[in-house]
Amino acid sequence: MKIDIFPKDPHDLYTTPLLQQTAYWSEVKSKLGFIPLAFEIEVREKDLHPSVSSSARIRDDILIFYRKISDSEAVCYSPYGPLLSPDEEKRGDYLESLSEGLREVLPKDVILIRFDLPWFDESEDMDIKSMEIMMNWGTVNHNIRHSFSDMLPSNTTFIDLSPSLDEIVMNMKNKTRYNIRLSQKRGVVVREGSEEDLPIFLSLYKETAQRNGIRNHSSSSFSSLFQTNEDDAVVKLLIAEREGESLAALFLSLSDDRASYLYGASSSLGREHMPTYALQMAAIREAKRNGAREYDMFGVAPEVEENHPLSGLSRFKLGFGGKRVKRMGCWDYALKKEEAERFFLEERGWQKYHN
């Protein structure tokens, strides 16, 4: 498959519902030590979709983050990229051709490219080995492998925001609707915060991380959300309060016609007032007010794993009436195989340590 690839300024990235592929996100991550690289992609439509007879060329772009891992080596990571999706039987061919094209324009110390694919997974719970065989079917180098773990959520739930607000609420589970009404009766109110309110979120987030045994993100991961001049996406901080006490908060992102639940945190106190239900209802209202057509609640447990650590959170999110979807997750293409194999071994060690 022939793909033309041209470097471009991240500022000029196309508008997209995928926050992590926006100019906004490139600036956010650059403040955290990542180097954003953007590329224009041009490919024939019939190479992606063989049933199409048109020879028209399709253009899209991809945002990639470059980061050094040693004095002589670096890795590249594309969060939810590329958006441009071929037919299922052409996915491996496309990813290989894209990777080999990127090899020519990326810095020469890059040992692998990791794609956190936004494409929907149609393999119906196929095991990893079988997925790798399918992904490499028809490729030249047979060099595509599933990553040891995903970076961004591959399982999520989307709420359709096109119906009226009343219809959206009616599509929720009974318990969810009851808890939303209960939060209102208990006097929970939600307001939009600003950068000045970041300490409130950080305090709630620290408590949440300790309660659930998860790794704490640095405060700069959140402060950088307020410190960008790009306008192709926006992130809002919503805070649920009762009688002047902050009980829960979340970051809501808005990019193109999609809203996403980016980060959330809550206090162990006041949970009987259902502040997280009030918070999500406010997020849905705010998303609709800003023209979003869907709300990505950003991460649920795999459907087949009832005892997954996210099972409780998944029941909460699915109560709002969304549709469960599964993305393909992270896939690696090694540009330097020996160096990449060493990286994979070290990465497995890091994962075991953090787990």
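I began with C76, which counts as buried because its relative accessible area is 1%, where buried means under 20% relative accessible area, exposed over 50% and partly exposed in between, with a 1.4 Å probe and protein chains only. The model I am reading is predicted, so I kept in mind that local features need pLDDT of at least 70 and side-chain atom pairs count only at pLDDT 80 or more, while totals for chains, interfaces and linings use all residues. Residues are numbered from 1 along each chain as its sequence is written, and side-chain values use heavy atoms, with hydrogens and water left out.

**Cysteines.** I looked for disulfides, meaning pairs of cysteine sulfur atoms within 2.5 Å, and the structure holds zero. C76 is in none, and the nearest cysteine sulfur to it, that of C330, is 14 Å away. C330 also counts as buried, at 0% relative accessibility.

**Nonpolar core.** Next I took up the largest nonpolar core, a core being a set of buried Ala, Val, Leu, Ile, Met, Phe, Trp, Tyr and Cys residues joined through side-chain atoms within 4.5 Å. I noted that L98, L102, L106 and F115 touch the most other members among its 30 residues. At least two residues each come from several elements, including β1 (3-8), β2 (35-44), α3 (91-103) and β13 (323-334); helices (H or I, at least four residues) and strands (E, at least two) are DSSP runs numbered from the N terminus. The largest share, five residues, is supplied by β5. In soluble globular proteins, nonpolar side chains tend to be buried together. I then followed L106, which, leaving aside its neighbours within four places in sequence, is in contact (heavy atoms within 4.5 Å) with L37, F39, C76, I113 and L335.

**R59.** Which side chains make polar contacts with that of R59? I counted a polar contact as a pair of N or O atoms within 3.5 Å, where within protein one must be able to donate a hydrogen and the other to accept it, and residues adjacent in sequence count only if both atoms are side-chain atoms. The side chain of E40 is joined to that of R59 at 3.1 Å, and the side chain of E42 at 3.4 Å. R59 sits in strand β3 (residues 57-68) and counts as partly exposed because its relative accessibility is 48%.

**Helix α10.** In α10 (residues 311-318) I found S311, S314, F316, K317 and L318 buried, and what covers these buried residues includes β7 (155-160), β11 (258-266), α9 (275-289) and β13.

**Cavities and pocket.** On a 1 Å grid over the protein atoms alone, a cavity is a set of points where a 1.4 Å probe fits but cannot get out, a pocket is an open set with protein on both sides within 12 Å along at least five of seven lines, and lining residues have an atom within 4 Å of a point. Grid points are joined across faces, edges and corners, and a volume is the space filled by probe spheres set on the points. I recorded two cavities of 30 Å³ or more, and the largest has a volume of about 100 Å³. Its lining includes E88, D121, M131, M328 and W331, and the largest share of that lining, three residues, comes from α4. The second largest pocket has a volume of about 160 Å³, and β5 gives the most to its lining, with three residues.
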